[in-house]
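Me: I have a structure open and would like to talk it through. May I put some short questions to you as I look?

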Amino acid sequence: MKLPMHEMSLAESILQVVEETARSSAADQVRAVRLEIGALSHVERDSLRFCFDAVTRGTLADGARLEIDATPGRAWCMPCSESVELSRLGDACPRCGSYQLQVTQGEEMRVKDIEVA
Amino acid sequence: MCTTCGCGQGETKIEGAAHEHEHRHADGSVHRHAHGHDDHGHVHHHGDVHRDEAPVSGHAHGHEHEHEHEHEHVMPDGTVVRHAHVHDGLAMHGDHLHYGAGPAYSHAPGLSQSRMVQIEQDILGRNDRHARFNREFLAERGIFAVNLVSSPGSGKTTLLTESIARLQPATEVCVIEGDQQTTNDADRIRATGARALQINTGKGCHLDASMIERALERLQPATDSVLFIENVGNLVCPAAFDLGEACKVVVLSVTEGEDKPLKYPDMFRAARLMLLNKVDLLPYLNFDLQRCIDYARRVNPSIEVMPVSATKGDGIDQWISWLRLQAITARNTRKRVAARSSPVAAE
């Protein structure tokens, strides 16, 4: 696991959002949490899973399944004038090799929905 | 809060302030209060049995019953943790509901119908709300706030003391110092005559917007001043946290590897300006300045770059001019906005 872990802060933020939603919908238990995490976002997934399990202990979301939907990275390539795939920040355009790229997708860090009981 | 990495908000200390923290209640309300002592924490050890000590004096609850459960969690790394809970029967529906069990460990499947609740919220939404508040606070006062980020030992604090010496007295400067421990950096800043506030993040690896909000309340920077926020030395975590600053400036010293922008792309992408510090040492190093700049522009084509030496003075004029220009822009924006809402109050 990679240290340091801002994933702990992220996990705490996820828990806050989840708890608020669970309470306002009068749920007793959160069974699953689905996130959307972009491929280019600041998240180490294994760390996030570990931290999520740690911060949810003893909460409504204790034992909840964490599902992570990965959004692929995309960028606008200036020389190509086209949207291209980008798997990592710092990679070149897969078509022309240029680094003149503007990221358009893949930095998302969102809680999409939860399954409650 | 977390006993694993300790990266919890409960350990944050703002210098000179009694320890303060938040409680969230079941109804969603939040209250803050202060403590006089440092070493507290609400640690729930896995395996503890929590018993709700609700007062039951005098009147009897018809359906008060407690169940003790023991069950297992399987951690992602394969460790199995067994622990026990006590839940009292005051749970909302009087059902036998078990908070600690996910679907895979359900003792009584089918007791309640599960349903999906849409959320669609940014994970850092709360931080971003605090950041927006800070940004407005700063804009109303014409304060230019810069968030300085780097790895430890890049020379941030020396750069800061040099910058403050050059900016003062024409421009008022104050500093929010983020460090895990010690007030050494704030002490160095205060030696320049500038006001400084130290935030110790404990084991936390970055500053967040609510820490800055509280620091701004205490510091009350002057109108049209410059505020430096020296983040915790770390090229990873601070990239994700908007503090409400005008921009991030990343400091990379040439004694580090020239490939740092590729290794830590998030940070170099989040920064508007890269200061390449300690360039006076270049003759003694194998550091390809141009290659480093190329790498930074791979992850952030629009990043500005300035080679500087905080100790020898190279490039410092350019950096100070850049800061002055940003400060003037912040001041003019404040005046323009003020003039629009109340023409008399603008000056």
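Me: To begin with, which strands does helix 1 of chain A lie across?
Reply: This is a predicted model. In it, helix 1 (residues 7-24) of chain A lies across strand 1 (30-38) and strand 6 of chain A, together with strand 6 of chain B. The helix runs at about 40° to strand 6 of chain A.

Me: How many residues of that helix are buried?
Reply: Of the 18 residues in helix 1 of chain A, 14 are buried, so the helix is mostly covered.

Me: And what is its span from end to end?
Reply: From first C-alpha to last, helix 1 of chain A reaches 26 Å, which is close to the 26 Å expected at 1.5 Å a residue. Just after this helix, A:Ala26 takes a positive phi of about 50°.

Me: Back to the strands. What is the strand order in the open sheet?
Reply: The order is 2(A)-1(A)-6(A)-6(B), four strands in an open sheet with mixed pairing. At the edges are strand 2 (65-71) of chain A and strand 6 (115-122) of chain B, each of which pairs on one side only. Neighbouring strands of this sheet are turned by 20° against each other on average, ignoring direction.

Me: Where the two chains meet in that sheet, is the pairing parallel or antiparallel?
Reply: Strand 6 (residues 109-116) of chain A pairs with strand 6 of chain B in the antiparallel sense, over six bridges. One residue to look at is A:Asp113, whose bridge partner in strand 6 of chain B is B:Gln118. In general, strands of a sheet pair through backbone hydrogen bonds, whether parallel or antiparallel.

Me: What does chain A contain overall?
Reply: Chain A has two helices and six strands, and from the N terminus on its elements run α-β-α-β-β-β-β-β. Among its contacts with a separation of 6 or more, 73% join residues 24 or more positions apart. Buried residues make up 49% of the 117 residues in the chain.

Me: What is its radius of gyration?
Reply: Chain A has a radius of gyration of 17 Å, whereas a compact globule of 117 residues would have one near 13 Å. Along the principal axes, its C-alpha atoms fill a box of roughly 55 × 30 × 15 Å.

Me: Changing topic to chain B: where does B:Leu235 lie?
Reply: B:Leu235 lies in the loop between strand 10 (226-230) and strand 11 (247-253) of chain B.

Me: Why is B:Leu235 counted as buried?
Reply: B:Leu235 has 22 other C-beta atoms within 10 Å, and a residue is buried if that count is 20 or more.

Me: Which residues does B:Leu235 touch?
Reply: Leaving out residues up to four places away in sequence, B:Leu235 touches B:Ser150, B:Ser151, B:Lys260, B:Tyr264 and B:Met267. B:Leu235 and B:Asp208 are 27 residues apart in sequence and 15 Å apart in space, C-alpha to C-alpha.

Me: Which residues of helix 2 in chain B are buried?
Reply: They are B:Lys156, B:Thr157, B:Leu159, B:Leu160, B:Glu162, B:Ser163, B:Ile164 and B:Leu167. Helix 2 (residues 156-167) has 12 residues and reaches 16 Å, close to the 16 Å expected.

Me: Finally, what is the mean pLDDT of chain B?
Reply: The mean is 77, and 67% of the residues of chain B reach 70 or more. Over residues 1-10 of chain B the pLDDT is below 50, and it stays under 50 over residues 32-71 of chain B. Where pLDDT is low, the predicted coordinates should not be read in detail. The model scores ipTM 0.84 and pTM 0.74.

Methods. Residues are numbered from 1 along each chain as its sequence is written. Chains are lettered from A and ligands numbered from 1 in the order in which they are written. This is a predicted model: local features need pLDDT of at least 70, side-chain atom pairs count only at pLDDT 80 or more; totals for chains, interfaces and linings use all residues. The expected span of a helix is 1.5 Å times one less than its number of residues. A residue is buried if 20 or more other C-beta atoms lie within 10 Å of its own, exposed if 12 or fewer, and partly exposed in between; C-beta atoms are placed from the backbone. The radius of gyration is taken over C-alpha atoms; the globule rule is 2.2 Å times the number of residues to the power 0.38. Two residues are in contact if their C-beta atoms, placed from the backbone, lie within 7 Å. Two strands pair if DSSP finds at least two bridges between them. Axes are lines fitted to C-alpha atoms, for helices over the stretch in contact, and angles run from 0 to 180 degrees between N-to-C directions. pLDDT is the predictor's confidence in each residue, from 0 to 100.
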